[in-house]
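Here is a friendly walk through one protein model, in questions and answers. Have a look at it before we start.

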Amino acid sequence: MGSRFRGNDEGLKIMTEISALKAGLIADIAAAGTLDALEALRVGALGKSGVVTGLLKTLGGMSPDERMEKGPPIQDLRESVTAALADKKAALEQAALDAKLASEKVDMTLPADLGTQGSVHAVSQVMDELAEIFADLGFSVATGPEIEDDWHNFTALNIPETHPARAMHDTFYFPDEEGQKRMLLRTHTSPVQIRTMMNGTPPPIRIIAPGRVYRSDSDATHTPMFHQIEGLVIDKGITLGHLKWTLETFLKAFFEREDIVLRLRPSYFPFTEPSVEVDVGYTLTNGQRVIGGDGDAADGGWLEVLGSGMVNRRVIEACGLDPDEWQGFAFGTGVDRLAMLKYGMNDLRAFFDGDLRWLKHYGFSALDVPTLSGGVGA
Ligand code: PHE
């Protein structure tokens, strides 16, 4: 009896000690501020020589009765402490992650450092704008070689060997080679007309051909290399009226103004007949020529912007097409000059100096697609 009583008495004491130990450990765990502190608590309780481990070890030396009595609270102690450690560990890890995220937050309101950014050259920009305008009108882009032969650059365009126009072009010729075709740097984009008509695709044809051309010439408005854009339409029943409408529509879209007035002057090109030179009216605004308005107005004048005309039937014939069946018009203009007129540069040589200050000032953002406020026929 006495022993049972004592046992109960001792049992009660052990239970109290265990529950006090449990409360103490759980409070310590809850108070742990860092993962390191928590780990120290785990080792102290559940490590090889931890208090809970020590209690668990005593179970082995107990009588079955005693184990029945003390086993459950000791196991409960172990489970509760293990669970509390796991919960606290998860909470501390979450807090550490939150703190890390908060400290690494990107402030989206700060101005971004764009570093050194390139820009799109005014010539590329204008070529893109032109391609966009003419795409709206159903034209595709054609190309041809810059190293061209005499036949495509001149002969097929109705400029025979003895023609004075050959001298006018200040051509860069390659040294003659025995038995080889005479090669040159193309003096205009017009040979792309020939190559397009002869490439086997049957008309109708509607192309533009932007690209580099070369003439031995150099001053403020001439560089030995410059850019032209050629236009060619070959179809049935094409008239000068189609040419005029196309040029007017293109110039209005390009200069982004409705008040573009065209003046067509009779002219001469061997490859067009009749030939017309196209002027646009400008108005003097603060001493600057601004495209738009009637060139005959008191504050205005005319600027030549294009050469054009109806494709000479001899050219159509040279390309193997029947000129009684197919007619068309062609035009050619300087891309650099169009850029200067639209964006207000005055020295053509600066276009090709590669001066970063110029490029920065006149360049366009690579992220902007060419935007023409109006577009064509919207
Ligand atoms: N090729 C001519 C030039 O370079 C321009 C032009 C093209 C004229 C097409 C009429 C037709 O001056």
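A residue is called buried under 20% relative accessible area, exposed over 50%, and partly exposed in between, using a 1.4 Å probe and the protein chains only. The model is predicted, so local features need pLDDT of at least 70 and side-chain atom pairs count only at pLDDT 80 or more, while totals for chains, interfaces and linings use all residues. Residues are numbered from 1 along each chain as its sequence is written, and side-chain values use heavy atoms, leaving out hydrogens and water.

Q: Why is asparagine 158 called buried?
A: Its relative accessible area is 16%, and the limit for buried is under 20%. Therefore asparagine 158 counts as buried.

Q: What is notable about the backbone of asparagine 158, and where is this residue found?
A: Asparagine 158 has a positive phi of about 65 degrees although it is not a glycine. You will find asparagine 158 in the loop between helix 6 (150-153) and helix 7 (164-168); helices (H or I, at least four residues) and strands (E, at least two) are DSSP runs, numbered from the N terminus.

Q: Why does glutamate 256 count as partly exposed?
A: The relative accessibility of glutamate 256 is 34%. Partly exposed lies between the 20% and 50% limits, so glutamate 256 is given that name. Glutamate 256 also has a positive phi, about 55 degrees, without being a glycine.

Q: What makes isoleucine 147 partly exposed?
A: Isoleucine 147 has 45% relative accessibility, so it counts as partly exposed. Isoleucine 147 belongs to strand 2 (residues 147-149).

Q: How do you know that histidine 188 makes a polar contact with the ligand?
A: A polar contact is a pair of N or O atoms within 3.5 Å; within protein, one must be able to donate a hydrogen and the other to accept it, and residues adjacent in sequence count only if both atoms are side-chain atoms. A polar side-chain atom of histidine 188 lies 3.0 Å from a nitrogen atom of the ligand, so the pair meets the distance limit. For serine 190, a polar side-chain atom is 2.9 Å from a ligand nitrogen. For arginine 215, a side-chain N or O atom is 2.9 Å from a ligand oxygen.

Q: Which elements give two or more residues to the shell around the ligand?
A: They are strand 5 (225-235), strand 9 (300-311) and strand 10 (327-334). The largest share, three residues, comes from strand 10.
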